[in-house]
Amino acid sequence: MTKDESFGEVLKVVFPLLDGKDLASCMRVCRQWRDIAQDDYFWKCLCAKRWPSICKRPSPPMLSYQKLFQTFSKRHRCRTLLPPRLSFNDLEFYIDIWSGERLLFSEVVPGSVLQTGIKSPPPGICNVLKIHLEGPEYKMTMPVEPRFTIPLSQTVNVSVLVGRKDTDKIACIVNKSVFDYVDATSFRALAFDYLDFSPVYPFVSGIRAWVSLLFMEDGNDRVIDVFGIEIDFCDAASSENEVLWLLDMLDWK
């Protein structure tokens, strides 16, 4: 037996003791190590440690055990999201806010307005709200002009529909949801509803749309002075493209 053959026998004893990362590294040492480490027996040993049931099959998998291990053991990186099929220029939002039978706010808001957001918050808002508006979390915001006030004792609800200019269809985002939570520390009143998705996406559910009334810090703890409206989908969407994909999946009528 030559020296190389003797060394190769040693490698055949050592290689089954290695994990996948180390065995793959050994394949890059030299041709002899690569040729030995390519033996599917070593990779079957690794598969048997991680997925013992797959090695009980009467016939080997269509993939080699090496391919099988390398394909399913590595951590996949986050894939880049494809460009959305919608744009904010295709959309317009129909926002209605009621207090009982009294209409407080009713506007058709172009998608480009919500995309642009509130560039210059009015003076007098609290620092917590200012930090929130300037934060990295993706949100759609718009100023309310003229501002309106709501007594905290009143029940206020909101509906938000969205229309597509490219298909002339409409979908529901929020349907008569009540602003039943007032965050006095960040000066926001919040309402939410669960999105209704197209039957094409039967396994997508449980995603909420949030609508917030942004109000001033004016020292009156019985009335909120609303200067802006915010819409976000923080359960699932954290970028403009993700929001557009989410809207595209709605049940458009």
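Select Trp-98 in this predicted model and display its surroundings: setting aside residues up to four places away in sequence, Trp-98 touches Leu-103, Leu-104, Thr-155, Val-156 and Asn-157. Trp-98 belongs to strand β1, which covers residues 91–99. The relative accessible area of Trp-98 is 32%; the residue counts as partly exposed because this value falls between the 20% limit for buried and the 50% limit for exposed.

Keep Trp-98 selected and add Lys-176. The two residues are separated by 78 positions in sequence, yet their C-alpha atoms lie 8.7 Å apart in space.

Next, colour the strands. Four of them form an open sheet, in the order β2-β1-β4-β5, with antiparallel pairing. The edges are occupied by β2 (102–110) and β5 (170–178); each has a single partner strand, so one side of each lacks a neighbour in the sheet. From one strand to the next, the twist averages 10°.

Within the sheet, select β4, residues 156–164, together with β5. These strands run antiparallel and are joined by six bridges. To inspect a facing pair, pick Val-162, which stands opposite Ala-171 in β5.

Finally, move to helix α1, residues 3–14, and select Phe-7, which is located there. Phe-7 has a relative accessibility of 37% and therefore counts as partly exposed. Extend the selection to Val-10, Val-13 and Val-14: together with Phe-7, these residues form a nonpolar patch on the surface. The accessible area of the four combined is about 330 Å².

Key: Residues are numbered from 1 along each chain as its sequence is written. This is a predicted model: local features need pLDDT of at least 70, side-chain atom pairs count only at pLDDT 80 or more; totals for chains, interfaces and linings use all residues. Side-chain values use heavy atoms; hydrogens and water are left out. Patches are made of residues with over 30% relative accessible area and no salt bridge: like charges are joined within 9 Å, nonpolar side chains (Val, Leu, Ile, Met, Phe, Trp, Tyr) within 5 Å. Accessible areas come from the Shrake-Rupley method with a 1.4 Å probe; for residues, only the protein chains shown count as cover. A salt bridge is a side-chain nitrogen of Lys or Arg within 4 Å of a carboxyl oxygen of Asp or Glu. Helices (H or I, at least four residues) and strands (E, at least two) are DSSP runs, numbered from the N terminus. Buried means under 20% relative accessible area, exposed over 50%, partly exposed in between (1.4 Å probe, protein chains only). Two strands pair if DSSP finds at least two bridges between them. Axes are lines fitted to C-alpha atoms, for helices over the stretch in contact, and angles run from 0 to 180 degrees between N-to-C directions. Contact means heavy atoms within 4.5 Å.
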